[in-house]
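Subject: Structure handover

Hi,

Here is the structure I promised to pass on to you. Have a look at it first, and then read on for what I found in it.

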Amino acid sequence: MDSYDMIVIGSGPAGQKAAIAAAKLGRRAAIVERKDMVGGVCINTGTIPSKTLREAVLYLTGLNQRELYGQSYRVKQDITIADLSSRTQHVIAREVDVIRNQLARNHVHMYVGTARFITPRTIVVTNEAGNSVELSADKIVIAVGTKPAHPSTVEFDGETIVDSDQILSIANVPSSMVVVGAGVVGIEYASMFAALGTKVTIVERRPTMLDFCDKEIIEALQYQLRELAVTFRYSETVREVQRHPAGTLTVLESGKRIPADTVLYSAGRQGLTDELNIAAAGLGASDRGKIEVNENLQTEVEHIYAVGDVIGFPALAATAMEQGRRAAYHAFNEPVGNKLGDLQPIGIYTIPELSFVGRTEESLTSANVPFEVGVSRYRELARGAILGDSYGMLKILVHAESRELLGVHVFGTNATELVHIGQTVMGCGGTVDYLVDAVFNYPTLAESYKVAALDAVNKMRAIAKVTQTGPYHPLPE
């Protein structure tokens, strides 16, 4: 039996960083991954393929250039799945090679196969040929990730009724599509296919989408998606999805029937803990296969850690990487700095994209926190005109008394990049005055921070002017 200081089950962003962090600390580390899944769901069927698909869609449709060259502008007239997948496969192959190189360079031993617990410190890894090897470790990290949840009432066939993994393998760009579930994944794919010219209908049981985001930003996204002929069916649930020779028919509880070539069912994700036999390690999981951890990412068995999507929200690759690193550091008594706090950015790669960090207007209002809003619109920026983005916007939320930044919300071109400027200012305890006084390159989208900061400060000055020099009218007792 091979013995290690740490065994990591899963090679996605969380698992990679945990294993490499352990190796950097001078520990003997191993990683277990299924065949053809190096990099996990993130690299093979999730984050990287979907974002690469998004770039291919934007380039081939010429969507971002239409404000400059007219609505009829196209880079390629008839876009095929092959056009989209060639770029995706290239990026996946490159990223897998990078990961393999990083693991080898750090002397992390990789075992290919499916892991299963025998005891709390021992696992058995079985490959496709049926050969098994037993491994033991002082510390074990579970980073198995998730798979799309499959409701028992839906018959997935991988062609006309698909989940978010299978959508990448469909044969043709459908002329019509129903997307069930307006979560992050559903909305991202809905916007991509709408940009390709697919007539998309989104069915969501809640009264709105992405309700954890700023309402104004979501309204802007909805407007842009409607411009791409997306139809929203909120507060609706699906009774059944029928498959017919000519396509699919989605029947809603309200009686509506929606015909479409393809149905993308995006009904959340299930933790991949079924085959892991975690009961042998003294662990349990929720009905969605999720594992509970404490603030140090330890499970109820203290030498076993769980990181990444398998522990639930926020289920983001960026957060998972940091969780993996922190788990390894804690396991080997290495200081990890401050608690993983609230300044984790959320990036949603819709078309157009959006991103935010910190608080929303709604959460600040409900907590009775006094704040002012500063807004900058891309159409007022030279860089926005150059890019042909007239709809983008950046919003900052500023504490009305301390002047610190409480939240940053961006919608439009490069939103997921721009948000990090605000994140850094917030992380360093900066105030709105830093942004007012800072000099940004011109023309850039980054100068939207200065415009938004000046907007907020001018509003705060107007309030101060009224309270200092305006007439005083005492309220009647």
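Let me begin with strands S1 and S6, which run parallel and are joined by 7 bridges. Within that pairing, aspartate 2 stands opposite leucine 135 in S6. Before going further, please keep in mind that this is a predicted model.

**Around S6**

S6 covers residues 132–142 and has other partners too. Strand S5 (residues 122–126) pairs with S6 in the antiparallel sense, over 5 bridges. Valine 124 has glutamate 134 as its bridge partner in S6. The hairpin of S5 and S6 has 5 residues between the strands, and there glycine 130 takes a positive phi near 90°. S6 also runs parallel to strand S17 (residues 304–306), and 3 bridges join them. Here isoleucine 140 is matched with isoleucine 304 as its bridge partner in S17.

One residue of S6 that I looked at separately is lysine 139. With a relative accessibility of 22%, lysine 139 counts as partly exposed, because buried would require a value under 20%. Setting aside residues up to four places away in sequence, lysine 139 touches Asp5, Met6, Ile7, His303, Tyr305, Ala331 and Phe332. Its C-alpha atom is separated by 8.9 Å from that of glutamate 302, although the two residues are 163 residues apart along the chain.

**Serine 11**

If you follow the chain on from S1 (2–9), you come to the loop that leads to helix H1 (13–24), and serine 11 has its place in this loop. Is serine 11 buried or exposed? Its relative accessible area is 0%, so serine 11 is buried. Its side chain makes a polar contact with the side chain of glutamate 33, at 2.7 Å. Leaving aside neighbours within four places in sequence, the residues in contact with serine 11 are Gln16, Ile31, Val32, Glu33, Met37, Val38, Gly39, Gly40 and Met110.

**The sheet with S9**

Next comes an open sheet of 5 strands, with parallel pairing and the order S8-S15-S9-S10-S11. Its edge strands are S8 (161–162) and S11 (231–234), each of which pairs on one side only.

How many residues of strand S9 are buried? For S9 (residues 176–180) the count is 5 of the 5, so the strand is largely enclosed by the rest of the structure. In a regular strand, side chains alternate between the two faces of the sheet. In S9, Ser176, Val178 and Val180 point one way while Met177 and Val179 point the other way, and all are buried.

On one side of the pairing, S9 and S10 (residues 199–204) are parallel over 5 bridges. Methionine 177 stands opposite valine 200 in S10. Between these two strands the chain crosses through helix H6 (residues 184–195), and this β-α-β crossover is right-handed. S9 also runs parallel to S15 (residues 262–265), with 4 bridges joining them. In S15, valine 178 has valine 263 as its bridge partner, and valine 180 has tyrosine 265.

**Aromatic rings**

The structure has 6 aromatic pairs. One of them is formed by tyrosine 69 and tyrosine 73, a tilted pair at 5.3 Å centre to centre with 40° between the planes. Tyrosine 69 counts as exposed at 54% relative accessibility, whereas tyrosine 73 is partly exposed with a relative accessible area of 27%.

Another pair is that of tyrosine 391 and phenylalanine 411, whose ring centres are 6.0 Å apart; with the planes at 55°, this pair is tilted. Tyrosine 391 lies in the loop between helix H10 (382–387) and strand S21 (393–399), and phenylalanine 411 in strand S22 (residues 405–411), so the pair ties together parts that are 20 residues apart in sequence. Tyrosine 391 counts as partly exposed at 24% relative accessibility, but phenylalanine 411 is buried, with a relative accessible area of 0%.

Two tyrosine rings also have a charge over them. The charged end of arginine 28 sits over the ring of tyrosine 4, at 4.3 Å from its centre. Arginine 325 has its charged end over the ring of tyrosine 329, 5.0 Å from the centre of that ring.

Best wishes

Note on methods: Residues numbered from 1 in each chain as written. Predicted model: local features only at pLDDT ≥ 70, side-chain atom pairs only at ≥ 80, totals over all residues. Heavy atoms only, no water. Buried < 20%, exposed > 50% of the residue type's maximum accessible area, 1.4 Å probe, protein only. Polar contact = N/O pair within 3.5 Å; in protein donor to acceptor, adjacent residues only side chain to side chain. Contact = heavy atoms within 4.5 Å. Pairing = 2+ DSSP bridges. Right-handed = clockwise from strand over helix to strand, strands pointing away. Phe/Tyr/Trp six-rings, centres within 6.5 Å; stacked < 30°, edge-to-face > 60°. Lys NZ or Arg CZ within 6 Å of the ring centre and 35° of its normal.
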